[in-house]
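Please go through the fold, the disulfides and the core of the chain shown here. Short questions with reasoned answers will do.

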Amino acid sequence: MSAFEFRVSAIMIKLVATLGALAAVTGCSAADSSSAGQAAQKFITAVADGGTSACALLAPRARDGLGAAGCGPGSPVDQVPRGEVTATVVWGDEAQARSAADTLFLHEFPDGWRVTGAGCRPRNEQVYDCLVGGR
């Protein structure tokens, strides 16, 4: 084994150990991802069904941010793109769910996952503009 191959092997071992530690710290599991994804899909389905039941699936701050518009027809909630959730990533009690048309953000509360941002489009690598709530 050459010195270069040894260094590459050592770097790979450190990378694998770091990723394993990160996964343990964040507490991310397939169950967390599945639950967050299901909550996001439930929200999207509620929006497609008319929006008013979608309000119950929003985090309090996102719901309060709607003001008098609420969740009815013509509200920002009514404008959230519909689609199937295709990917969900969880970091501790925060999650991001994606469909072909939308990015949603969620937070895990004691009673389950709630949507904190929907109808979100990336403005740059770290910031999203959302129709509902926001990041």
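The questions below go from the overall fold to the disulfides and then to the core.

Q: What kind of model is this, and which pLDDT do side-chain atom pairs need?
A: This is a predicted model in which local features need pLDDT of at least 70, totals for chains, interfaces and linings use all residues, and side-chain atom pairs count only at pLDDT 80 or more. Residues are numbered from 1 along each chain as its sequence is written, and side-chain values use heavy atoms, with hydrogens and water left out. The pLDDT asked for is 80 or more.

Q: In what order do the elements of the chain run from the N terminus on?
A: The chain has three helices and five strands. Helices (H or I, at least four residues) and strands (E, at least two) are DSSP runs, numbered from the N terminus. The order is α-α-α-β-β-β-β-β.

Q: Which strands are the edge strands of the sheet?
A: The five strands form an open sheet in the order 1-2-3-4-5, with antiparallel pairing; two strands pair if DSSP finds at least two bridges between them. An edge strand pairs on one side only, and here these are strand 1 and strand 5.

Q: Which residue in the turn between strand 1 and strand 2 has a positive phi?
A: Strand 1 and strand 2 (residues 94-99) are antiparallel and share six bridges. Trp 91 stands opposite Glu 94 of strand 2. The two strands make a hairpin with two residues between them, and the one with a positive phi, of about 65°, is Gly 92.

Q: Which residue in strand 4 is the bridge partner of Phe 105?
A: Strand 3 (residues 103-109) and strand 4 run antiparallel and are joined by six bridges. Within strand 4, the partner of Phe 105 is Gly 117.

Q: How many residues apart in sequence are the parts that Cys 55 and Cys 71 tie together?
A: The sulfur atoms of Cys 55 and Cys 71 are 1.7 Å apart, and a disulfide is a pair of cysteine sulfur atoms within 2.5 Å. Cys 55 is in the loop between helix 2 (30-48) and helix 3 (60-64), and Cys 71 is in the loop between helix 3 and strand 1 (85-91), so the parts tied together are separated by 16 residues.

Q: Why is the disulfide of Cys 120 and Cys 130 right-handed?
A: Cys 120 and Cys 130 form a disulfide with sulfur atoms 2.0 Å apart. Cys 120 lies in strand 4 (residues 112-122) and Cys 130 in strand 5 (residues 128-133), so the pair ties together parts 10 residues apart in sequence. The disulfide is right-handed because the torsion about its S-S bond is about 110°.

Q: Are Cys 120 and Cys 130 buried or exposed?
A: Buried means under 20% relative accessible area, exposed over 50%, and partly exposed in between (1.4 Å probe, protein chains only). By that measure, Cys 120 and Cys 130 are both buried.

Q: Which element gives the most residues to the largest nonpolar core?
A: A nonpolar core is a set of buried Ala, Val, Leu, Ile, Met, Phe, Trp, Tyr and Cys residues joined through side-chain atoms within 4.5 Å. This one has 25 residues, of which Phe 43, Leu 58, Val 77 and Leu 106 touch the most other members. Helix 2, strand 2, strand 3 and strand 4 each supply at least two. The most, seven residues, come from helix 2.
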